[in-house]
Amino acid sequence: MKIVVLAGGHGGARYTRGLRAELGNPPATEITVIGNTADDLVLHGLNICPDLDTLMYTLGGGLAEDRGWGRSDETFHANEELAAYGVPGSWFGLGDRDLATHLVRTQMLTAGYSLTDVTEALCARWLPGVSLLPMSDDRVETHVVVNDDEGQRAIHFQEWWIRYQAKSRAERFIYVGAPEAQPGPEVVPALMNADCILLAPSNPVVSIGAILSVPAITSALKQTPAPIVGVSPLISGRAVRGMAEQCLSTIGVPRDAASVARHYGSRQSDGVLDGWLVDEQDRDACADLAEDGIATSALPLLMTDVNAAATIASESLRLADRVRL
Ligand code: FO1
């Protein structure tokens, strides 16, 4: 069995950890994770890939579980020193251990390695038990058009999310570079040869949406014979963490599980979904998705621990078998 997961940061990493637990580690089944890279930024001259690192650290056992990002047993002395020098960008919490990842990545990219090669090299240490692929080796960055007392301007997603805590109303999201971006070299083959494709419960706009903004990825999803099942990132209209609700209202999608499914669209009508997992509380609201050609399954979606995530992953696979052509 070849399973491909499209994932962003924290929620996507916990879901994938559940899938790996469900399939055994190392899984008897090949798991490929296509990670969002539109959160990436260059800061202090370093190439930083927050979602790839969250996936790698979570699956490799190095994540600071309490924070949900960055390394465990972390200190921030270098960042404190940068702040003391008045260097701009110290709002981005760069940990001392995390810094090593960015130094290795930046050195390898500067030496001419692709982000795909770099990610493979970093994973040789972390052994995530999955094949972690950047969605693209080209630069794709989510920028946010905000309009606040500093006027209207576009800022990097991370600045919006961290420095302004998503308080400045996002007028629009722009996936800078996406139209020209090529998928990573192994991405389309993985999607076309998959037995099952899963959209993790990541942010539908800045994580899954960013992955889908790479044209060849969305067209591969529309062509692949594999069933595609997504997991709602909302539980009765609320995101478990993160800023999915603000992002959805910016793009005019109502904040409920059924609307997110319709936003992704059924593969029967030029979308990317065959099946959709919703929380128990959203079962009734999603019953009529079947008329749109999206089969649904309802179960508790709160990933309280690895076992809960494994149950959700297992139900994802069961629904995929149900909708398999
Ligand atoms: N998130 C924060 O809320 N504050 C931070 O200072 C912060 C630093 C950071 C450093 C490295 C990294 O890989 C992630 C980091 N994140 C931080 C999380 C990051 O903004 C999110 O993981 C995603 O980009 C959104 O899912």
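**Figure 1. R17 sits in helix α1, which covers residues 10–23.** This is a predicted model, and the first close-up is of that arginine. R17 counts as buried, at 15% relative accessibility, where the cut-off is under 20%. Who does R17 touch, once residues up to four places away in sequence are set aside? The list is T58, L59, E65 and V306. There's a long-range pairing to look at here too: R17 and D305 are 288 residues apart in sequence, yet their C-alpha atoms are 9.8 Å apart in space.

**Figure 2. S207 lies in the loop between β9 and α8.** In residue numbers, that puts the serine between strand 196–199 and helix 208–212. Buried or exposed? S207 is buried, with a relative accessible area of 5%. Leaving out neighbours within four places in sequence, S207 has contacts with G8, G9, N36, D51 and S202.

**Figure 3. D282 is in the loop that runs between β13 and β14.** The strands on either side are residues 275–278 and 295–298. D282 counts as buried, at 9% relative accessibility. Its contacts, apart from neighbours within four places in sequence, are L234, I235, S236 and A257. A257 is also one of the buried residues of α11, the helix in the next view. For a sense of distance, try I211: it is 71 residues away from D282 along the chain, and 26 Å separates the two C-alpha atoms.

**Figure 4. Helix α11 spans residues 257–264 and is largely enclosed by the rest of the structure.** Why say enclosed? Because 6 of its 8 residues are buried. Those buried positions are A257, A258, S259, V260, A261 and Y264. What covers them? The cover includes strand β9, helix α8, β11 (234–235), α10 (244–250) and β13. Two of these names have come up already: β9 and α8 are the elements on either side of the S207 loop.

**Figure 5. C49 and C123 are two cysteines that take part in no disulfide.** As a reminder, a disulfide is a covalent bond between the sulfur atoms of two cysteines. The count for this model comes to 0. For C49, the nearest cysteine sulfur is that of C123, 11 Å away. It works the other way round as well, with the sulfur of C49 being the nearest to C123. The cut-off for a disulfide is a pair of sulfur atoms within 2.5 Å, so this pair at 11 Å doesn't make one. Both side chains belong to buried residues: C49 has a relative accessible area of 3%, while C123 has 9%.

**Figure 6. The whole chain, for orientation, has 12 helices and 14 strands.** Its radius of gyration is 19 Å, close to the 20 Å that the globule rule gives for 325 residues, so the chain is as compact as a globular protein of that length. The C-alpha atoms fill a box of roughly 60 × 45 × 40 Å along the principal axes. Buried residues make up 58% of the chain. Of the contacts with a separation of 6 or more, 69% are between residues 24 or more positions apart. On the outside, the accessible surface is about 13400 Å², and carbon and sulfur atoms account for 51% of it. As for charge, there are 25 positive and 41 negative side chains, and the centres of these two sets are 2 Å apart.

Definitions and conventions: Residues are numbered from 1 along each chain as its sequence is written. This is a predicted model: local features need pLDDT of at least 70, side-chain atom pairs count only at pLDDT 80 or more; totals for chains, interfaces and linings use all residues. Side-chain values use heavy atoms; hydrogens and water are left out. Helices (H or I, at least four residues) and strands (E, at least two) are DSSP runs, numbered from the N terminus. The radius of gyration is taken over C-alpha atoms; the globule rule is 2.2 Å times the number of residues to the power 0.38. Buried means under 20% relative accessible area, exposed over 50%, partly exposed in between (1.4 Å probe, protein chains only). Contact means heavy atoms within 4.5 Å. Accessible areas come from the Shrake-Rupley method with a 1.4 Å probe; for residues, only the protein chains shown count as cover. Lys and Arg count as positive and Asp and Glu as negative; His and the chain ends are not counted. The place of a charge is taken as NZ of Lys, CZ of Arg, CG of Asp or CD of Glu.
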